[in-house]
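Me: I am new to this structure and would like a close look at a single part of it, the place where the ligand sits. Please take me through the surroundings step by step, and then through the pockets.

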Amino acid sequence: MKHMKITNIASLLGGDIVSGKTQQENHISFGFAADLLSDVLTLDVEGVLFITGLCTLQTIRTAEVAEIDCIVIARGKKVSPAMVELANRNGIVVIETECSVYKASGILYEAGLKPIY
Amino acid sequence: MKFEFDIADGDFAKAGTSSSQVKHILKQLNVDTKIIKKTTVAIYEAEVNVVAHAVGGGKLLADINLERIVVEVADLGPGIADIPQAMVEGFSTASPEVISMGFGAGMGLPNMRKNADKLEIISGVDEGTRVVITNYI
Ligand SMILES: Nc1ncnc2c1ncn2[C@@H]1O[C@H](COP(=O)(O)OP(=O)(O)OP(=O)(O)O)[C@@H](O)[C@H]1O
Ligand SMILES: [Mg+2]
């Protein structure tokens with residue numbers, strides 16, 4: 001499978017879509033997991049899903065700058081209202097899930113979501 | 001066209017707001033999307049560096065014409081002692097607080113070089129740092 005729909009990703013992870021609902025029918029091409037925002041800023045492909053345990057406003061701001069379409073926040077962390085607002089303003093879909101970064105990555109990898117590297 | 005934005009001192013919650021505004025301006029000017037992305041990434045790295053490493057905040061000046069985008073990000077110090085060393089991938093003096101925010105991997109300056117057609121860094125101990133990023137349209 002080449003492209004995965006964001007709503008399908010959310011259900012695979014048993015997650016909730018908390019922002020960017022108007023973009024949730026879009027498709028994702030690649031998965032990337034990091035807790036290092038500097039790392040995300042070096043990516044130069046489109047259609048990226050970013051899985052992270054880092055749940056701060058900078059996570060969203062960095063996704064905006066790096067043109068990330070969708071963020072998965074792992075380990076049951078809850079995004080703040082300010083994060084939701086910034087994500088909505090930039091059309092970024094944020095999914096909250098109880099899965100760890102490892103488990104979320106494993107599920108999506110197995111389902112056919114390609115890595116960037 | 002010239003634009004000026006303030007960069008707040010040590011405020012990670014606001015880090016990136018100036019870069020984001022420049023991005024919106026470039027979008028409105030219909031600049032090529034690849035050029036917008038690389039310019040925004042480069043100036044965001046510079047802006048985060050001011051928040052992470054400088055004291056007293058800084059300024060971001062953008063000067064845009066039909067041929068090029070020049071963005072200058074300047075702060076009041078403490079400055080960079082050894083610029084070639086700072087440019088080495090992995091070199092970082094980031095504090096634990098900066099690291100806990102997801103930064104401090106020593107990748108910002110190398111990434112700026114990658115995303116800028118021209119990169120100038122003017123700095124010294126106890127001086128401010130000025131980073132000038134030029135991208136041709
Ligand atoms: N504006 C600045 N003022 C003072 N020192 C700076 C400034 N910008 C960079 N430096 C110095 O250069 C080093 C390398 O910067 P660089 O942006 O490459 O990495 P970093 O900011 O430490 O980590 P990263 O960018 O990966 O989050 C910094 O750790 C710091 O010592
Ligand atoms: Mg940096």
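Reply: The model is a predicted one, and a good place to begin is the make-up of the shell around ligand 1, whose residues divide into eight nonpolar, ten polar and two charged. In total, 20 residues surround ligand 1, and the closest of them are H53(B), S92(B), T93(B), G104(B) and M107(B). As for its position in the assembly, ligand 1 lies between chains A and B.

Turning to polar contacts, three residues of chain B can be named for their backbone atoms. A polar backbone atom of L109(B) is found 2.8 Å from an oxygen atom of ligand 1, while for A105(B) a backbone N or O atom lies 3.0 Å from an oxygen atom of the ligand. G108(B) likewise has a backbone N or O atom at 3.0 Å from an oxygen atom of ligand 1. Taken alone, ligand 1 exposes 590 Å², and the protein buries 95% of that area. The elements that give two or more residues to the shell around ligand 1 are α2 (33–53) and α5 (108–115), both of chain B.

The next step is to look at the space itself, since the space taken by ligand 1 is the second largest pocket. This second largest pocket has a volume of about 600 Å³, and it is lined by 33 residues, of which N49(B), H53(B), I80(B), T93(B) and L109(B) are the closest to its centre. Two or more residues of the lining come from each of α2, β3 (68–75), α3 (83–86), α5 and β5 (130–136) of chain B, and it is α2(B) that gives the most, with seven residues. Sorted by class, the lining of the second largest pocket holds 17 nonpolar, twelve polar and four charged residues.

In the stretch between two of these elements there is a backbone detail to look for: P78(B) is found in the loop between β3 and α3 of chain B, and the peptide bond that leads from G77(B) to P78(B) is cis, with omega near 20°.

For comparison, the largest pocket can be described in the same way. About 710 Å³ of space lies in the largest pocket, and of the 32 residues that line it, those closest to its centre are E46(A), A66(A), E67(A), T33(B) and K37(B). The elements that give two or more residues to this lining are α3 (57–66) of chain A together with α1 (17–28), α2 and α5 of chain B. Here the largest share of the lining, six residues, comes from α2(B). By class, the lining of the largest pocket divides into eleven nonpolar, nine polar and twelve charged residues.

One further backbone feature belongs to chain A, where R75(A) has its place in the loop between β6 (70–73) and α4 (81–89). Phi of R75(A) is near 60°, which is a positive value in a residue other than glycine.

To return to the part you asked about, ligand 1 takes the space of the second largest pocket, lies between chains A and B, and has 95% of the area it exposes when taken alone buried by the protein.

Technical notes
Residues are numbered from 1 along each chain as its sequence is written. Chains are lettered from A and ligands numbered from 1 in the order in which they are written. This is a predicted model: local features need pLDDT of at least 70, side-chain atom pairs count only at pLDDT 80 or more; totals for chains, interfaces and linings use all residues. Side-chain values use heavy atoms; hydrogens and water are left out. A residue is near a molecule or strand if one of its heavy atoms lies within 4 Å of it. A polar contact is a pair of N or O atoms within 3.5 Å; within protein, one must be able to donate a hydrogen and the other to accept it, and residues adjacent in sequence count only if both atoms are side-chain atoms. Accessible areas come from the Shrake-Rupley method with a 1.4 Å probe; for residues, only the protein chains shown count as cover. On a 1 Å grid over the protein atoms alone, a cavity is a set of points where a 1.4 Å probe fits but cannot get out, and a pocket is an open set with protein on both sides within 12 Å along at least five of seven lines; lining residues have an atom within 4 Å of a point. A molecule sits in a cavity or pocket if more than half of its atoms lie within 2 Å of its grid points. Helices (H or I, at least four residues) and strands (E, at least two) are DSSP runs, numbered from the N terminus. Ala, Val, Leu, Ile, Met, Phe, Trp, Tyr, Cys and Pro count as nonpolar, Asp, Glu, Lys and Arg as charged, and the others, Gly among them, as polar. Grid points are joined across faces, edges and corners, and a volume is the space filled by probe spheres set on the points.
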